[in-house]
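Please examine the sequence and the structure shown below. The report that follows describes the fold, the strand pairing and some individual residues.

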Amino acid sequence: MTLRRTRVQWRRLGVVLITACLVWMSGTALMGQSEQVVDVTIKDFRFVTKQSPLRLGLPTVIIVRNEDAERHDFSSTMFEGIPTQIEKDGVIVYGRGLGGVYLDPKQSATIRFDMTRPGRHVFRCSIHPTMSGELLLLSAEAV
Ligand SMILES: [Cu+2]
């Protein structure tokens, strides 16, 4: 094998690596766009949400953080009959009949689902009946 041939092979390897890197980068960019994230913070016995209207048919991620020193619950009928994934402390629960998640003080959870019903969806804390909030889901045509 001559020295020149080795150089060509190294150059090819470089092109392959750069291509793989670009594909990976555009892939993560696309994933970031197609997932809509909602942050819900529980503080002073209230749900605080910063939300722009959500679109149907896109993977939705709700991140709930309990900043209180009290145990709370994030529950909603919006997950009814919809495959839902709830992750808490590295444990993932998956199912169609999940009603929500309990959060110990300073605990957080990530809820992933694909919303199919438009409208206003209420969520509440089953421990404290005065606590409630809502998410607005629009159909894609309305946006
Ligand atoms: Cu509560």
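The mean pLDDT of the protein chain in this predicted model is 83, and 74% of the residues reach 70 or more. Confidence is not uniform along the chain: over residues 26–30 the pLDDT stays under 50, and for this stretch the model has zero contacts beyond four places in sequence. Where pLDDT is low, predicted coordinates should not be read in detail.

**Overall composition**

The protein chain holds one helix and eleven strands. Read from the N terminus, the order of elements is α-β-β-β-β-β-β-β-β-β-β-β, with the helix placed ahead of the strands. Of the 143 residues in the chain, 16% are buried. Among the contacts with a separation of 6 or more, 65% are made by residues 24 or more positions apart.

**The open sheet**

In which order do the six strands of the open sheet follow one another? The order is β2-β1-β4-β9-β6-β7, and the pairing is mixed. The edge strands are β2 and β7, each of which pairs on one side only. On average, neighbouring strands of this sheet are turned by 20° against each other, direction ignored.

Strands of a sheet pair through backbone hydrogen bonds, in either a parallel or an antiparallel sense. Strand β1 illustrates both senses. With β2, strand β1 pairs in the antiparallel sense over five bridges. With β4 (residues 59–66), strand β1 pairs in the parallel sense over seven bridges. The table lists some of the residue partners in these two pairings.

| Residue | Partner | Strand of the partner |
|---|---|---|
| Val40 | Thr49 | β2 |
| Thr41 | Val48 | β2 |
| Val37 | Val61 | β4 |
| Asp39 | Ile63 | β4 |

**The β1–β2 hairpin**

Strands β1 and β2 form a hairpin with two residues between them. Asp44 in the turn has a positive phi of about 50°. Phe45 also belongs to this loop, between β1 (36–43) and β2 (46–50). The phi of Phe45 is near 60°, a positive value in a residue other than glycine. Is Phe45 buried or exposed? Phe45 is partly exposed, because 13 other C-beta atoms lie within 10 Å, a count that falls between the limits of 12 or fewer for exposed residues and 20 or more for buried ones.

**The loop between β6 and β7**

A positive phi occurs in this loop as well. Asp89 lies between β6 (84–88) and β7 (91–95), and the phi of this residue, which is not a glycine, is near 50°. Why does Asp89 count as exposed? Asp89 is exposed because it has 8 other C-beta atoms within 10 Å, and a residue with 12 or fewer is placed in that class.

**Summary**

In the open sheet, β1 stands between β2 and β4 in the strand order. The turn joining β1 and β2 contains Asp44, with a positive phi, and Phe45 in the same loop is partly exposed. Asp89, in the loop between β6 and β7, is exposed.

Technical notes:
Residues are numbered from 1 along each chain as its sequence is written. This is a predicted model: local features need pLDDT of at least 70, side-chain atom pairs count only at pLDDT 80 or more; totals for chains, interfaces and linings use all residues. Helices (H or I, at least four residues) and strands (E, at least two) are DSSP runs, numbered from the N terminus. Two strands pair if DSSP finds at least two bridges between them. Axes are lines fitted to C-alpha atoms, for helices over the stretch in contact, and angles run from 0 to 180 degrees between N-to-C directions. pLDDT is the predictor's confidence in each residue, from 0 to 100. Two residues are in contact if their C-beta atoms, placed from the backbone, lie within 7 Å.
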